[in-house]
Amino acid sequence: MRALFAKGADSSVLKFLDARTKLAVTLVVAILTVACSGVISQIVIFASTLVYALYLKRPGLLAVLYGLMAVMMAIAALFGLLLEEWLPAMGGITLRALFVPFMRGLSMMNVVMVLAMTTRVEDLLATLERIRLPFCIFLPTAVMLRFIPTFTNDIRQVWETLRIRGWPVGPVMMTCRPLLCARLILAPILFRALKSSETLGVASELKGLGTTKRTMRTDGRTMKTIDARVLSFLFVFTVLTVLAEIFLRHIWAAKITMMH
């Protein structure tokens, strides 16, 4: 079966990583992003995951995702300022308060994108089932990871359909006629997303997820030298992040205090 998002993934060295290695990276990053609250440690996590994502060799897609995150950050900052203006008692919106959560989101986006776009469905499902996860966790996880490239493809098809029909969809039209663009773009994407999620759920069940007898191959790929290198880097990355959280946690707060 093809990779979850084959375009561009074939030229990346990350496709040779075992699914267990990529799941381990995702799990460790998820734990560290939640456990660490210092700005320096979050910067270490983000920088490491960004290097990891750049090996995917999809700079265009990465730029689009970071652009969307920047828009979300701007909207969150705007509403935070408005809330502080209207309700002073709920103030306290600081740069650090907004910076750390979005750094966590960016770091997780980097590792999840690599996992979803370079992992074969068979390898992913086999690895998840070997972990003996409960069915209520196993099925949503598999569908969620498979949904990412499917949803991206749905957006591309809707966009191409509108252009074929002669709609000049672009920044100018989105600025001048936002309601029309929302009707033309969001409604088809919503219905396609609902259909895709239902189809993926049924497909996962047909593969034997949750049954006592598997209906798919269980022989996954063996660990290679590149997996050992990535796991070694993961260990060093974890140590550096923990040290940054312990010894450099209050540097950012001290600088802000001095500025005020």
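## Surface and overall make-up

The protein chain exposes about 15,600 Å². Carbon and sulfur atoms supply 72% of that area. The model is predicted. Of the 260 residues in the chain, 35% are buried.

The secondary structure is made of ten helices and zero strands. Read from the N terminus, the order is α-α-α-α-α-α-α-α-α-α. Contacts often span long stretches of sequence. Among those between residues at least 6 apart, 83% join residues at least 24 apart.

## The nonpolar cores

The largest nonpolar core holds 25 residues. Which of them touch the most other members? They are Val25, Tyr52 and Met113. Helices α1, α2 (39-54), α3 (59-86), α4 (95-118) and α9 each give two or more residues to this core. Helix α4 gives the most, with eight residues.

Met113 shows some of these links in detail. Setting aside residues up to four places away in sequence, Met113 touches Ala53, Leu56, Leu61, Leu62 and Leu65. Another core lies apart from the largest one. This other core has nine residues, including Val158, Val169, Leu180 and Cys181.

## Lys22 in helix α1

Lys22 sits in helix α1, which covers residues 19-35. Is Lys22 buried or exposed? Its relative accessible area is 1%, so Lys22 counts as buried; the cut-off for buried is under 20%.

The side chain of Lys22 has a backbone partner. It reaches the backbone oxygen of Thr118 at 3.1 Å. Thr118 is also among the residues that Lys22 touches, not counting those up to four places away in sequence. The others are Leu14, Leu17, Tyr52, Val114, Leu115 and Thr119. One of these contacts, Tyr52, is also a member of the largest nonpolar core.

## Helix α9: a patch and a buried threonine

Ten named residues form a nonpolar surface patch of about 900 Å²: Phe235, Val236, Val239, Leu240, Val242, Leu243, Ile246, Phe247, Leu248 and Ile251. Which helix gives the largest share of the patch? Helix α9, residues 225-247, supplies eight residues.

Leu240 is one of the patch residues, and it lies in helix α9. Its relative accessibility is 48%, so Leu240 counts as partly exposed. To count as exposed, a residue needs over 50%.

Thr241 also has its place in helix α9. Thr241 has 0% relative accessibility, so it counts as buried. What does Thr241 touch, leaving aside neighbours within four places in sequence? Its contacts are Leu32, Cys36, Ser41, Val44 and Ile45. Leu32 falls within the residue range of helix α1, 19-35. Ser41, Val44 and Ile45 fall within that of helix α2, 39-54.

## Ser196 in helix α8

Helix α8 runs over residues 178-206 and includes Ser196. The relative accessible area of Ser196 is 12%, so this residue is buried.

Ser196 is in contact with Phe147, Thr150 and Asp154, leaving aside its neighbours within four places in sequence. Arg146 offers a distance for the same region of sequence. Ser196 and Arg146 are 50 residues apart along the chain. Their C-alpha atoms are separated by 9.9 Å.

How values were computed. Residues are numbered from 1 along each chain as its sequence is written. This is a predicted model: local features need pLDDT of at least 70, side-chain atom pairs count only at pLDDT 80 or more; totals for chains, interfaces and linings use all residues. Side-chain values use heavy atoms; hydrogens and water are left out. Helices (H or I, at least four residues) and strands (E, at least two) are DSSP runs, numbered from the N terminus. Buried means under 20% relative accessible area, exposed over 50%, partly exposed in between (1.4 Å probe, protein chains only). A polar contact is a pair of N or O atoms within 3.5 Å; within protein, one must be able to donate a hydrogen and the other to accept it, and residues adjacent in sequence count only if both atoms are side-chain atoms. Contact means heavy atoms within 4.5 Å. Patches are made of residues with over 30% relative accessible area and no salt bridge: like charges are joined within 9 Å, nonpolar side chains (Val, Leu, Ile, Met, Phe, Trp, Tyr) within 5 Å. Accessible areas come from the Shrake-Rupley method with a 1.4 Å probe; for residues, only the protein chains shown count as cover. A salt bridge is a side-chain nitrogen of Lys or Arg within 4 Å of a carboxyl oxygen of Asp or Glu. A nonpolar core is a set of buried Ala, Val, Leu, Ile, Met, Phe, Trp, Tyr and Cys residues joined through side-chain atoms within 4.5 Å.
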